[in-house]
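Let's take a walk through this chain, from its overall build down to a handful of individual residues. Keep the viewer open as you read.

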Amino acid sequence: MIKIISQVRANGGTQYVVEHPSKVTGTTMTFSAFVPNHQAGTKLPVLWYLSGLTCTHANVTEKGDFRQACAKHGIIFIAPDTSPRGDEVPDDKDGNYDFGLGAGFYVNATEPPFNQHYHMRDYIEKELPEVVAQTFPVDLKRQSITGHSMGGHGALTIALRNPEQFKSVSAFAPIVAPMQCSWGQKALSGYLGTNPEIWREYDTCALIEDGAKVPDILVDQGTADNFLAEQLGTEHLRTVCENTNQTATIRMQEGYDHSYYFIATFMPEHIAWHADKLSG
C-alpha cells in the first residue's frame with residue numbers, strides 16, 4: 001500500500017514523498033513526486049530522474065531546481081531511491097560508498113547475497129511505473145528519463161534497452177563506460193559475477209556498440225568534474241556515438257564540477273528538451 005509521507009505546495013504544483021512495499025526488492029522503497037497543477041482527469045507526461053552514488057530521493061528533490069520548469073511544461077517528475085535499504089539488506093563489507101546501500105547501479109543482481117534485494121533494474125523499468133500510475137495522473141505512453149553520475153548510467157542503459165518505453169533520454173555527468181572504470185568494475189563484478197559479457201547490457205558504450213539505439217541523447221558534463229578522467233568516460237561515449245551514427249549532443253560545460261550546483265544550472269534546459277520530445 002502506498003503511503004504519502006509528506007506533501008507541500010511549491011512552484012505551481014505539489015511535491016510529494018511516498019513510501020511503498022516493493023515486491024521486486026522485498027523492501028520498503030521511497031520516491032518523491034512533483035505533480036504540476038492540472039485540470040481534473042488530465043494525465044501528464046513523466047520524467048524519471050535517477051540519482052548517483054550515496055544519494056536518496058532527497059538530493060534532487062531538495063537541490064535539483066526542477067519544479068518551476070516542470071510546472072511550466074506540465075511534466076510530473078519522479079525521483080526514486082538509489083538502492084533497496086533496511087537492516088536485512090547487505091552492504092559493502094568494508095563500508096565503502098561505491099557499492100551496496102546507496103549504490104545499486106540500476107542492475108538486477110545475480111550474485112549472493114545481493115541477488116535477494118538488489119533488483120533496481122526491474123524496479124525502475126517495471127514496478128515503479130505501475131506503482132506511480134496507481135496514485136498520480138501519469139501518462140505512461142509519454143515517459144522520458146534522465147539522471148546524474150551512476151543515475152546517468154542508469155538512465156542511458158535503461159533507455160537503450162527499452163527504446164519503445166521512453167521518448168527521450170538525457171544525463172548529467174554519467175558513467176558511460178562502467179566496464180572501463182573502477183566504480184563500474186567493482187559494482188558489475190560484485191552484483192553480476194566475473195563474466196564481462198554479462199556486464200555489457202549495463203554499459204552505455206557497449207550497448208551502443210552492440211546495436212542498441214535511441215533517437216537522440218543529451219549529455220552535460222562539467223570540465224572541472226574531479227571524476228571525469230578516471231570514472232565517467234565522456235569521450236568514450238562521443239567516440240562510440242560517432243562510430244555508430246547514434247545522434248548525441250554532448251556538451252562540455254567549462255568550469256562546472258560534479259555537484260548539484262552543476263545539475264541545477266542545466267536542469268531547466270534538460271526539462272525543456274524532454275518536453276519537446278514528449279509533446280511530439
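**A walk through the fold**

Start with how the chain folds back on itself: of the contacts between residues at least 6 apart in sequence, 71% join residues at least 24 apart. Bear in mind that what you're looking at is a predicted model. The secondary structure adds up to ten helices and nine strands.

What about the overall dimensions? For 280 residues, a compact globule would have a radius of gyration near 19 Å, and the chain comes in at 17 Å, which agrees. Taken along the principal axes, the C-alpha atoms fill a box of roughly 50 × 45 × 35 Å. Of the 280 residues, 59% count as buried. As for the outside, the accessible surface is about 11,500 Å², and 48% of that belongs to carbon and sulfur atoms. On the charge side, there are 21 positive and 32 negative charges, and their mean positions sit 8 Å apart.

Now for the aromatics. The structure holds 15 aromatic pairs. One of them brings together Phe-114 and Tyr-191, whose ring centres are 5.6 Å apart with the planes at 90°, so this pair is edge-to-face. Phe-114 sits in the loop between strand S5 (76-80) and helix H3 (120-135), while Tyr-191 belongs to helix H5 (residues 182-192), so the pair ties together parts that are 77 residues apart in sequence. Are these two residues buried or exposed? Phe-114 has 10% relative accessibility and therefore counts as buried; Tyr-191 is buried too, with a relative accessible area of 0%. Elsewhere among the aromatics, Phe-34, Tyr-49, Phe-66 and Phe-77 form one cluster.

Stay with the loop between S5 and H3 for a moment, since there's some backbone geometry to look at. Pro-113 is found in this loop, and a cis peptide bond joins Pro-112 to Pro-113, with omega at about 0°. Tyr-106 has its place in the loop between S5 and H3 as well. Its phi is near 60°, a positive value in a residue other than glycine. Tyr-106 counts as buried because its relative accessibility is 0%.

There's another positive phi to find at Ala-173, where the angle is near 45°, again in a residue other than glycine. You'll find Ala-173 in the loop between strand S7 (168-172) and H5. With 0% relative accessibility, Ala-173 counts as buried.

Follow the chain onward into H5, the helix that carries Tyr-191. Ser-182 lies in H5, and at 43% relative accessibility it counts as partly exposed. Measure across from Ser-182 to Tyr-97 in your viewer: the two are 85 residues apart in sequence and 13 Å apart in space, C-alpha to C-alpha. Further into H5 comes Lys-186, partly exposed at 26% relative accessibility. Which residues does Lys-186 touch, leaving aside its neighbours within four places in sequence? Its contacts are Asp-92, Asn-96, Asp-98 and Phe-99. Looking back towards Ala-173, 13 residues away along the chain, the C-alpha separation from Lys-186 is 19 Å.

The last stop is helix H7 (204-209) and the loop that links it to strand S8 (217-222). Thr-204 is in H7, and its relative accessibility of 0% means that it counts as buried. What surrounds Thr-204, not counting residues up to four places away in sequence? It touches His-153, Leu-156, Thr-157, Leu-160, Val-176 and Leu-237.

Asp-210 is found in the loop between H7 and S8. Asp-210 has 52% relative accessibility, and since the exposed class begins over 50%, Asp-210 counts as exposed. To place it against another part of the chain, pick Thr-244: the two are 34 residues apart along the chain, and their C-alpha atoms are separated by 9.6 Å. So the tour ends with a contrast within one region, with Thr-204 in H7 counted as buried and Asp-210 in the loop that follows counted as exposed.

Note on methods
Residues numbered from 1 in each chain as written. Predicted model: local features only at pLDDT ≥ 70, side-chain atom pairs only at ≥ 80, totals over all residues. Heavy atoms only, no water. Helix = DSSP H or I, 4+ residues; strand = E, 2+ residues; numbered from the N terminus. Rg over C-alpha atoms; globule rule 2.2 N^0.38 Å. Buried < 20%, exposed > 50% of the residue type's maximum accessible area, 1.4 Å probe, protein only. Contact = heavy atoms within 4.5 Å. Areas by Shrake-Rupley, 256 points an atom, 1.4 Å probe, with all protein chains shown as cover. Lys, Arg positive; Asp, Glu negative; His and termini not counted. Charge placed at Lys NZ, Arg CZ, Asp CG, Glu CD. Phe/Tyr/Trp six-rings, centres within 6.5 Å; stacked < 30°, edge-to-face > 60°.
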